[in-house]
Amino acid sequence: MTLKPLYEYDSDDRQSIVRRHLAIPRGGTVTGPLEGAYGEVYVITFPPNVFPRQIAAKCPRIQRFGSVESARAGVEQVLHELEKTHSLFMVPWINRFFDVQIIHGWPFILSRYRDGTLEDLIANPLAWSFQDRLASLIQIVRALRLANQRGIVAHQDLKPGNVFFDDLVRKGIPKESKGMHLHMFVGDL
């Protein structure tokens, strides 16, 4: 018996299959997808005693790549992103992946779910100080410079929605401290 490709299922069945495959081995609750131009992101949330509390599962957007003719392009896109990200594995300002899961022939790459995006911060200017903005800019520039040194000449989709952050205040750094409050991660290479 041949496994039916994920993109051949109707939308409701496809969502059900993805949710079951992402939730069962990890015991979490799956929400999403959040849709971008090229990908879909599902969020898996775990009970409070599990670390990390949330992970993201990203796949090529099925409406864009979901046919026999273009499925190869979707898989190639994921492999390209994995290759670029892996070449920057030791860079602390890059959003890294820790697993790849294939669901009915369709790739899902897993990473930690972050506290938000640069887009969220820009939309809420009171959420971060001038020092936070400056420190964030330095981290983003540092990530891009190190990427350039490792042969990634340009980020093809650099925008505020593809720069993630962890809120260090939520992790115990006092808000009144003079140090960094946001750890930035450039993603979607």
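**Salt bridges, cores and backbone features of the predicted model**

Glu-35 is partly exposed in the predicted model, with a relative accessible area of 49%. A value over 50% would be required for a residue to count as exposed, and one under 20% for it to count as buried; Glu-35, at 49%, therefore falls in the intermediate class. The side chain of Glu-35 meets that of Arg-61 in a salt bridge, with an N to O distance of 3.9 Å. This pair connects distant parts of the chain, since Glu-35 belongs to strand β1 (residues 29–35) and Arg-61 to the loop between β3 and α2 (62–65), 26 residues apart. Arg-61 is likewise partly exposed, at a relative accessible area of 22%.

In total, nine salt bridges are found in the structure. One of them is formed by Asp-115 and Lys-171, whose closest N and O atoms lie 3.5 Å apart. Here too distant parts of the chain are linked: Asp-115 is placed in the loop between β5 and β6 (116–117), whereas Lys-171 is placed in the loop between β7 (163–167) and β8 (182–186), and 56 residues separate the two. Asp-115 is partly exposed, with a relative accessible area of 28%, and Lys-171 is also partly exposed, with 47%. A further salt bridge joins the side chains of Asp-157 and Lys-159 (3.7 Å, N to O). The relative accessible area of Asp-157 is 27%, which means that this residue is partly exposed; Lys-159 is partly exposed as well, at 37%. In addition, a network of salt bridges links Lys-58, Glu-81 and Asp-188.

The nonpolar interior was examined next. In soluble globular proteins, nonpolar side chains tend to be buried together. The largest nonpolar core of the model has 20 residues, of which Leu-6, Leu-22, Tyr-42, Ile-44, Ala-57, Trp-106 and Phe-108 touch the most other members. At least two residues of this core are supplied by each of α1 (11–23), β2 (39–45), β3 (54–60) and β5 (106–112). Helix α1 provides the largest share, with four residues. Apart from this core lies another, of 17 residues, which includes Ile-94, Leu-118, Val-163 and Met-184.

Ala-57 illustrates the contacts made within the largest core. When neighbours within four places in sequence are left aside, Ala-57 is in contact with Leu-22, Glu-40, Val-41, Tyr-42, Ile-44, Phe-108, Ile-109 and Leu-110. Contacts of a buried polar residue can be set beside these. Thr-85 is situated in helix α3 (residues 68–87) and has a relative accessible area of 4%, so it is buried. Beyond its neighbours within four places in sequence, Thr-85 is in contact with Ile-94, Asn-95, Arg-96, Phe-97 and Leu-189.

Strand β8 was considered together with its partner β7. The two strands run antiparallel and are joined by five bridges. Across this pairing, Asp-166 stands opposite His-183 of β8. Strand β8 is largely enclosed by the rest of the structure, because four of its five residues are buried.

Nonpolar side chains are also present on the surface. Phe-130, Leu-134, Leu-137, Ile-138 and Val-141 form a nonpolar patch there, and together they have about 490 Å² of accessible area. Within this patch, Ile-138 is located in helix α5 (residues 130–149). The relative accessible area of Ile-138 is 52%, so this residue is classed as exposed.

Finally, the backbone was inspected for unusual geometry. Most residues other than glycine have a negative phi, and most peptide bonds are trans. Two peptide bonds that precede proline are described here as cis. Gly-32 and Pro-33 are joined by a cis peptide bond with an omega of about 15°, and Pro-33 is placed in strand β1. The peptide bond from Phe-51 to Pro-52 is cis with omega near -5°, and Pro-52 is placed in the loop between β2 and β3. At His-104, a residue other than glycine, phi takes a positive value near 50°. His-104 is part of the loop between β4 (97–103) and β5. Its relative accessibility is 15%, and His-104 therefore counts as buried.

Methods. Residues numbered from 1 in each chain as written. Predicted model: local features only at pLDDT ≥ 70, side-chain atom pairs only at ≥ 80, totals over all residues. Heavy atoms only, no water. Patch = residues over 30% accessible without salt bridge, like charges linked within 9 Å, V, L, I, M, F, W, Y side chains within 5 Å. Areas by Shrake-Rupley, 256 points an atom, 1.4 Å probe, with all protein chains shown as cover. Salt bridge = Lys/Arg side-chain N within 4 Å of Asp/Glu carboxyl O. Buried < 20%, exposed > 50% of the residue type's maximum accessible area, 1.4 Å probe, protein only. Contact = heavy atoms within 4.5 Å. Core = buried A, V, L, I, M, F, W, Y, C linked by side-chain atoms within 4.5 Å. Pairing = 2+ DSSP bridges.
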